[in-house]
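Q: Please take a close look at one part of this model, the place where the two chains meet. What lies on the side of chain B that touches chain A, and what empty space is found in the model?

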Amino acid sequence: MQDLTDAFVELFRRAATDLPPDVENALRQAYEREEPGSPAQSVLGNILENVNLARKQSTPICQDTGTPIFYVYYPAGWSTIKLREQIEEAARRATAKSYLRPNAVDSLTGKNSGDNTGEDFPVIHFVEWENDYLQVDLALKGGGSENCGVQYKLPFNELHAGRDLEGVRRVALDAVEKAQGLGCAPGILGIAIGGDRGTGYEVSKRQFFRNIGQRSETPELADLEERIYEEANMLGIGPMGFGGKTTVLDVQIDRAHRLPASYFVTVSYMCWACRRHRMIVRGDEITYQ
Amino acid sequence: MITLQTPISEEEIRALHTGDIVRLSGTIVTARDAAHKLMIENFIRTDTIGYPELYEKLKPLLKGGVIYHCGPVVAQNEDGSYRFVAAGPTTSIREEPYEAEVIEHFGVRAIIGKGGMGPKTLAACEAFGAVYLHAVGGAASLIASAVEEVQDVFMKDELGVPEAFWVIRVKDWELVVTMDSHGSSLHQQVKEQSEARFKELVGLV
């Protein structure tokens with residue numbers, strides 16, 4: 001098995017410094033929509049300038065380089081033990097090169113490991129698949145947005161939210177309203193319907209790997225995505241919570257089977273700096289998307 | 001575009017209103033959780049001044065000055081001087097228990113951060129003539145590029161790099177007034193309006 005440590009360092013660098021084009025386009029469209037001279041437009045102008053500068057200088061888009069969340073799709077025969085070792089070593093090197101801020105704190109002692117490794121850090125999901133190549137998806141998710149995530153147990157009487165898609169809509173809008181600008185709006189909502197509490201968060205965050213505007217293949221969910229997206233933007237929270245037309249850039253929903261007794265709706269919030277990158281390894285050839 | 005240059009006068013502050021966009025230039029000081037705690041315990045809620053040298057250095061910097069809630073990523077140059085690599089704002093509400101007293105004690109004219117602050121700080125802004133300026137969360141590279149010079153640093157070894165008092169000179173840094181000296185908070189307004197719209201959308205009114 002080849003040593004991919006350097007390739008993983010490059011994946012970290014790209015994720016931290018180079019915002020995906022679909023996210024940048026959504027921000028640019030938001031800039032065009034807001035009133036000229038408004039605080040909302042000023043924020044988006046600053047964001048776009050920052051995105052350019054970070055890419056040009058190869059410096060972090062945001063100083064909070066977040067939790068690294070990996071999805072590693074591998075063909076049979078790869079060692080996930082070795083892949084994990086290489087990813088951890090790459091996290092150490094990427095931190096030393098200042099692509100990442102030291103972000104892993106021991107929850108017992110409060111001590112920062114200083115190199116972005118620790119218990120369950122980085123987060124890595126391994127998935128064996130039928131394809132003959134390796135695909136590694138990485139997202140960096142900052143703390144401000146992570147603190148805005150919320151899980152609802154339906155029925156949720158306070159909002160008259162029952163165990164149906166109307167109930168999902170109600171709690172999703174509640175999550176956006178509660179977050180205000182604190183998740184660094186305009187953000188992206190990842191929503192999971194069902195699952196247990198753990199898979200709920202996992203599925204909700206997996207949505208952040210979808211492109212902006214990519215609708216669910218399930219028509220009911222696609223309609224719901226569209227509706228929550230439009231209504232969230234009617235709340236008027238706006239970029240950074242300054243008021244304005246753009247509160248979310250997109251809403252992406254998936255579902256998981258649940259127990260008859262449970263109906264969780266899990267809403268994860270991704271900040272505007274939706275930093276994700278993909279690496280594909282075919283033999284000796286490594287490409288990034 | 002409104003420009004502000006430190007030190008800032010009360011008159012300039014009173015002319016500002018929520019929603020105004022300003023460009024700030026001049027010397028400012030970073031201070032976050034540990035620095036605020038230190039100022040409160042050693043300079044403000046005390047009869048005997050701890051760290052008297054630091055106190056004397058901070059007084060002229062903060063009179064008409066600006067505090068920035070920021071834990072920067074800082075690199076050291078070969079000649080021993082420092083430069084800011086990434087310097088976005090941190091969440092300000094954590095300083096709510098302290099900020100009003102800091103504003104009053106030192107005559108601070110502006111606080112920079114993100115997310116806004118609460119009623120105690122808003123009241124201090126009104127009483128003593130100060131504003132809250134909101135920086136763009138996440139715009140770390142852009143903000144670092146507005147920092148022209150790191151002029152000094154206090155308590156770096158004691159508090160660590162993110163928590164130290166960094167004295168920096170900034171140029172043309174674009175910020176939005178979200179809490180003014182007339183009792184108005186954009187955060188409060190947006191919260192009230194969005195809550196009302198939310199209730200309409202889910203039929204709770």
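A: What follows covers the interface first and the empty spaces after that.

The model is predicted. Start with the contact itself. On chain B, 33 residues are in contact with 39 residues of chain A. The area buried between the two chains is about 3000 Å². Carbon and sulfur atoms give 65% of that area. Three residues stand out on the chain B side. B:L142, B:F198 and B:L201 supply 20% of the area that chain B buries against chain A, more than any other three residues.

Now the polar side of the interface. There are 15 residue pairs in polar contact between chain B and chain A, counting pairs with both residues at pLDDT 80 or more. The rule finds one salt bridge across the interface. The side chains of A:E177 and B:K191 form a salt bridge, with N to O at 2.9 Å.

Next, the elements. Four elements of chain B give two or more residues each to the side that touches chain A: β5 (82-86), α6 (140-146), β9 (165-179) and α8 (186-201). The largest share comes from α8(B), with eight residues. Sorted by class, this side of chain B has 18 nonpolar, 10 polar and five charged residues.

Turn to the empty space. A probe the size of a water molecule, rolled over the atoms, shows where such space is left. The largest pocket holds about 1100 Å³. It is lined by 49 residues, and the closest to its centre are A:Q63, A:D64, A:R101, A:N103 and B:R32. Elements that give two or more residues to this lining are α5 (143-146) of chain A, together with β4 (73-76) and β5 of chain B. The element that gives the most is β4(B), with four residues. By class, the pocket lining has 24 nonpolar, 18 polar and seven charged residues. β5 of chain B thus appears twice: it gives residues to the side that touches chain A, and it also gives residues to the lining of the largest pocket.

Last, the enclosed space. The rule counts one cavity of 30 Å³ or more. The largest cavity has a volume of about 40 Å³. Its lining draws on both chains: A:G181, A:L182 and A:M240 from chain A, with B:K114, B:G115 and B:H134 from chain B. By class, two of these lining residues are nonpolar, three are polar and one is charged.

Technical notes. Residues numbered from 1 in each chain as written. Chains lettered and ligands numbered in written order. Predicted model: local features only at pLDDT ≥ 70, side-chain atom pairs only at ≥ 80, totals over all residues. Heavy atoms only, no water. Contact = heavy atoms within 4.5 Å. Buried area = accessible area lost by both parts, 1.4 Å probe. Salt bridge = Lys/Arg side-chain N within 4 Å of Asp/Glu carboxyl O. Polar contact = N/O pair within 3.5 Å; in protein donor to acceptor, adjacent residues only side chain to side chain. Nonpolar A, V, L, I, M, F, W, Y, C, P; charged D, E, K, R; others polar. 1 Å grid on protein atoms, 1.4 Å probe; cavity = no way out; pocket = protein on both sides within 12 Å on 5 of 7 lines; lining within 4 Å. Points joined across faces, edges and corners; volume = space filled by probe spheres on them.
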